[in-house]
Amino acid sequence: MWRRYRPLRIISPVAFLIIWEGVVRLDEVNQLIIPAPASVLRTMIDLTIDGRLPWAIIASLNRVLQGFIYGSLLGIVLGLLVGWFRAVEDAVDPLVAATYPIPKSALFPLFMLWFGLGETSKVITILIGVLFLVLINTVTGVKAIDPVLLKAARDLGANQRQIFTKVVIPGALPNIFTGLRLGAGMALILVFITELEATKAGLGFLLWESYQLLLVKQVFSCTIAFGILGILSSWMLQWLERAVCPWKRV
Amino acid sequence: MRHLRQRYPLGLVGGGASAYGLSLIMATILRLKDIGKVWHIERTKEEVMALGGISLDVEQGEFLILVGPSGCGKSTLLQIVAGLEEPGSGTLEVTRAADGQKQTGMVFQEFALFLWRTVLQNIVFGPEARSVPKAQREADAQKLIDLIHLRGFEHRYPHELSGGMRQRVALARALANDPAILLFDEPLASLDAQTRKVLQVELVRIWQETKRSCFLRLGPAGSRKSCRSGFQDPGASQVAARPNCSNTFRSESGKRWTVH
Ligand SMILES: Nc1ncnc2c1ncn2[C@@H]1O[C@H](COP(=O)(O)OP(=O)(O)OP(=O)(O)O)[C@@H](O)[C@H]1O
Ligand SMILES: [Mg+2]
């Protein structure tokens with residue numbers, strides 16, 4: 001989509017970095033707590049060259065992707081069924097209502113007891129977090145479909161299965177993507193939390209270890225890496241949404 | 001218009017027409033007996049009587065117009081005829097097609113286009129649902145696109161169209177299914193005078209060439225003063241047949257109207 005070039009979008013973050021760098025150089029703040037951007041960048045490059053940052057990212061991404069993909073698929077399928085079939089809604093709704101408010105990070109210790117200290121408990125924690133968000137938004141999407149569209153489909157001779165595949169699913173897609181975007185954010189939060197325990201790999205682990213050694217530049221590097229992962233995931237989802245929902249002006 | 005003649009062969013009659021023991025020419029295709037409908041609004045515990053005591057026979061090839069003030073139940077009646085709402089009381093008989101296929105096709109007041117489908121994809125929805133081969137249903141759709149003057153807009157999405165264009169797509173989508181009874185809920189409301197005139201002529205021509213029953217619902221009855229029509233209080237719909245209202249809608253059957 002053609003967009004008017006807006007210089008402020010670039011000027012503003014660059015100005016922010018310059019001011020930050022300047023303030024730190026003037027020794028106005030304690031560099032041990034707030035390092036200058038340039039020195040953080042240098043640390044990031046060092047961490048990348050010695051391989052610790054890339055490996056940490058790979059370990060975390062592995063957990064995030066598994067949890068996100070399984071969680072989304074489950075959430076979409078369940079959400080479509082719950083939204084469309086009364087009986088499924090009656091069966092699932094009370095369970096969701098009862099378990100949704102529990103912070104997913106609070107479930108992680110239980111999952112470690114049940115599934116061990118390995119990858120499984122981490123992936124499942126992420127999966128559950130993503131699942132709920134995608135599920136709830138998918139249900140909303142199905143329910144938000146204009147009833148007159150269902151009537152129109154019926155009037156044109158579509159049977160129940162065709163109404164489901166040709167009207168309900170595409171009609172719910174915009175909300176499904178809202179769920180996916182929220183789910184991606186949740187997956188990054190949860191991967192961090194699960195990496196505080198029982199692992200020696202991952203971005204969360206590296207960040208936490210750096211903090212304990214008071215390596216503030218490394219803490220910043222990891223934080224920035226998390227931020228970049230967040231931006232990349234939202235770009236990818238946007239791209240996917242444009243490809244899947246071309247009728248929507250994203 | 002030649003393609004229309006091919007698409008809608010003359011003399012089509014639902015297979016069950018003779019069930020009434022009527023001749024093919026004057027086959028009753030639709031029979032409403034004492035139709036009533038009360039809407040229950042759960043939120044306010046209200047009951048709205050939308051329709052009461054509607055009786056009507058519609059014959060093959062008739063052109064009927066439904067008039068009445070806003071909120072008197074015209075849309076409700078059309079939806080009942082289309083089988084999309086249950087009548088609260090009374091009976092509805094629609095002559096079945098030989099293949100058991102749905103006989104009615106509706107153009108909704110709110111257009112009800114599928115936002116995620118292009119113009120072409122909207123038009124082929126019905127044939128697609130009936131598993132008409134892709135090549136054939138798209139070829140048919142192309143003819144309809146010419147009919148509604150939307151050549152060049154086939155691959156636009158509904159939100160990229162004007163209100164009148166959307167309405168024309170809704171019309172073409174209903175026609176694509178080739179229904180024996182066309183139900184138009186305010187079919188020409190948001191069109192400019194010129195396009196409306198074109199489509200009026202087209203509608204009449206489709207109707208004349210195919211001897212299909214049209215069951216129209218026009219805009220506010222006041223806009224067509226020459227129409228013989230009755231008015232009633234909200235809560236009772238009027239059904240009026242078509243005397244010579246205007247040049248464009250000249251009806252051959254010049255029919256009685258039954259109501260109440
Ligand atoms: N789904 C519904 N639930 C409850 N009440 C309804 C519903 N649909 C229609 N009604 C009520 O039934 C009555 C008739 O509505 P209907 O839509 O058939 O009117 P109409 O004749 O088509 O009016 P208009 O010319 O404004 O389109 C109205 O009083 C309306 O409030
Ligand atoms: Mg109406």
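The exercises below work through a sheet in chain B, a helix pair in chain A and the contact between the two chains, all in a predicted model.

**Exercise 1. Work out the strand order of the open sheet in chain B, and explain why one side of β2 and of β4 is left without a neighbour.**

Step 1. Begin with strand β1 (residues 28-41) of chain B, which runs antiparallel to strand β2 (residues 46-59) of chain B and is joined to that strand by ten bridges. Two pairs help to fix the register: Thr28(B) has Glu59(B) as its bridge partner in β2(B), and Val38(B) stands opposite Met49(B).

Step 2. Look next at the hairpin that connects β1(B) and β2(B), where four residues lie between the strands and Lys45(B) takes a positive phi near 60°.

Step 3. Turn to strand β4 (residues 89-94) of chain B, which pairs with β1(B) over five bridges, again in the antiparallel sense; here Gly36(B) is found opposite Ser89(B).

Step 4. Put the pairings together, and the three strands of this open sheet take the order β2-β1-β4, with antiparallel pairing. Since β2 and β4 of chain B are at the edges and each has a single partner strand, one side of each is left without a neighbour in the sheet. From one strand to the next, the twist averages 20°.

**Exercise 2. Find the helix that lies across β1, β2 and β4 of chain B, and give its direction relative to β1(B).**

Step 1. The helix in question is α2 (residues 74-81) of chain B, which lies across these three strands.

Step 2. Its direction is given by the angle to β1(B), which is about 125°.

**Exercise 3. Describe how helices α3 and α6 of chain A cross, and which classes of residue make up their contact.**

Step 1. Compare the axes of α3 (residues 52-84) and α6 (residues 119-143) of chain A, which come within 6 Å and cross at roughly 35°. The crossing of α3(A) and α6(A) is right-handed.

Step 2. Sort the residues of this contact by class, which gives 18 nonpolar, nine polar and four charged residues.

**Exercise 4. Characterise the contact between chain B and chain A by its residues, its buried area and its salt bridges.**

Step 1. On the side of chain B, 26 residues are in contact with 18 residues of chain A.

Step 2. The area buried between the two chains is about 2,000 Å², and carbon and sulfur atoms give 63% of that area.

Step 3. Two salt bridges are counted between chain B and chain A; one of them links Glu128(B) to Lys166(A), with the closest N and O atoms 2.5 Å apart.

Key:
Residues are numbered from 1 along each chain as its sequence is written. Chains are lettered from A and ligands numbered from 1 in the order in which they are written. This is a predicted model: local features need pLDDT of at least 70, side-chain atom pairs count only at pLDDT 80 or more; totals for chains, interfaces and linings use all residues. Side-chain values use heavy atoms; hydrogens and water are left out. Two strands pair if DSSP finds at least two bridges between them. Axes are lines fitted to C-alpha atoms, for helices over the stretch in contact, and angles run from 0 to 180 degrees between N-to-C directions. A crossing is left-handed if the near helix is turned anticlockwise from the far one by less than a right angle, and right-handed if clockwise. Ala, Val, Leu, Ile, Met, Phe, Trp, Tyr, Cys and Pro count as nonpolar, Asp, Glu, Lys and Arg as charged, and the others, Gly among them, as polar. Contact means heavy atoms within 4.5 Å. Buried area is the accessible area (1.4 Å probe) that two parts lose on being put together, summed over both. A salt bridge is a side-chain nitrogen of Lys or Arg within 4 Å of a carboxyl oxygen of Asp or Glu.
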